[in-house]
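Got the viewer open? Keep the selection box handy, and we'll walk through this one stop at a time.

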Amino acid sequence: MSWTEMQPLLSQACWDTLYMVGWSTVIAVVGGLPLGVLLVLTDRGGLLQNVVANKVIGQIVNVARSMPFIILMVALMGFTRSLTGTTIGREAAIVPLAIGAIPFFARLVETAVREVDGGLVEAVQSMGGNTWTVVRKVLVPESLPSLISSTTTTIVALIGYSAMAGTVGAGGLGDIAIRYGYQRFETELMWITVGVLAVVISLIQFAGDFAARSLYRRAGQAGPAPRLRLLKAKAKARSEGPTAPGEPAARTSSETV
């Protein structure tokens, strides 16, 4: 097969792969982020401690993660057909890709959120912040660099899953490698496909690492300790209440930091 014949096949396959992985990543983040945070909140010592709920959610996540993706695709064919009307093509592949990625991303989110300094959580609580405030103001922002890295890892895993999805006619680079490289013995096209996958993964990994490092540097310049002292100072000032006339005013936040 000449390059003139390969080029349109590879272009369409690249677009199909990015389409499947892009939508699957969005769904995985939307579903996995709250699930991972919930695993932390319901654990022992969490803000919403519920051991039974935590065990149930954790077991469901573990079972979903342990299922091989090729088996998951076959098991979800009926569900996929009910949603998309078909089990073949890139739209149909998004369903098992997203469902397989949600528990994977949730565990990564759980690990990232557990690294947040507990002192920041206590400071927000002492200021009267509820659970939603703690999640929105502390847990997610403070773990954002790790969440970016987790998203990058999920995207790379989804690219591998999408290649396996090509075995059942999902389209994309995996489909090209199977149909032309393996079944039609177009070895050159198969190795070009492998090279394209390697380049795509390398670019995504570089972009994710760059974004995570930038956030780490920004957080390092701000410094977690000054933020923690600022929150504690605000909480102390609120608990002491306004000063009486004639008494010296409380130290300002800038003086505390």
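Before the first click, a working rule: a salt bridge here is a side-chain nitrogen of Lys or Arg within 4 Å of a carboxyl oxygen of Asp or Glu. With that in mind, select R90 and E91: they form a salt bridge, with the closest N and O atoms 3.3 Å apart. One thing to remember as you look around is that this is a predicted model.

**Stay on R90**

Now add D16 to the selection. D16 also forms a salt bridge with R90, and here the closest N and O atoms are 3.1 Å apart. This pair ties together distant parts of the chain, since D16 belongs to helix α1 and R90 to helix α5, 74 residues apart. Are these residues buried or partly exposed? D16 counts as buried because its relative accessibility is 12%, under the 20% cut-off. R90 comes out at 21%, so it counts as partly exposed. E91 is partly exposed too, with a relative accessible area of 37%.

**Zoom out**

Switch to cartoon view. The protein chain has twelve helices and zero strands. Of its 257 residues, 35% count as buried. Among contacts with a separation of 6 or more, 72% are between residues 24 or more positions apart. If you turn on a surface, you are looking at about 14,200 Å² of exposed area, 64% of it supplied by carbon and sulfur atoms.

**Next: D43 and R114**

A search of the whole structure turns up six salt bridges. For another of them, select D43 and R114, whose side chains meet at 2.8 Å, N to O. Again the pair links distant parts of the chain: D43 is in the loop between α1 and α2, while R114 is in helix α5, 71 residues apart. D43 has a relative accessible area of 21% and is partly exposed; R114, at 40%, is also partly exposed. Add R107 and E110, and you have a network of salt bridges linking D43, R107, E110 and R114.

**Over to helix α8**

Select residues 144–165, which make up helix α8. Pick out S150 in this helix. What does S150 touch beyond its sequence neighbours? Leaving out residues up to four places away, S150 is in contact with F105 and L108. S150 is buried, at 8% relative accessible area.

I148 is in helix α8 as well, but its relative accessibility is 26%, so I148 counts as partly exposed. With residues up to four places away left out, I148 touches G208, A211, A212 and L215. Try the distance tool between the C-alpha atoms of I148 and A207: they are 10.0 Å apart, with their positions 59 residues apart along the chain.

**Look inside**

How many cavities of 30 Å³ or more does the structure hold? There is one, and the largest cavity has about 90 Å³ of space. To see its walls, select M73, M77, T80, T87, G89, A92, A93, P96, V168 and A170. Helices α4 and α5 each supply at least two residues of this lining, with the largest share, three residues, coming from α5.

**Last stop: the surface**

Go back to the surface view and select W23, V26, I27 and V30. Together they form a nonpolar patch with about 380 Å² of accessible area. W23 is part of helix α1, which covers residues 3–41. With 47% relative accessibility, W23 counts as partly exposed.

Notes. Residues are numbered from 1 along each chain as its sequence is written. This is a predicted model: local features need pLDDT of at least 70, side-chain atom pairs count only at pLDDT 80 or more; totals for chains, interfaces and linings use all residues. Side-chain values use heavy atoms; hydrogens and water are left out. Patches are made of residues with over 30% relative accessible area and no salt bridge: like charges are joined within 9 Å, nonpolar side chains (Val, Leu, Ile, Met, Phe, Trp, Tyr) within 5 Å. Accessible areas come from the Shrake-Rupley method with a 1.4 Å probe; for residues, only the protein chains shown count as cover. Helices (H or I, at least four residues) and strands (E, at least two) are DSSP runs, numbered from the N terminus. Buried means under 20% relative accessible area, exposed over 50%, partly exposed in between (1.4 Å probe, protein chains only). Contact means heavy atoms within 4.5 Å. On a 1 Å grid over the protein atoms alone, a cavity is a set of points where a 1.4 Å probe fits but cannot get out, and a pocket is an open set with protein on both sides within 12 Å along at least five of seven lines; lining residues have an atom within 4 Å of a point. Grid points are joined across faces, edges and corners, and a volume is the space filled by probe spheres set on the points.
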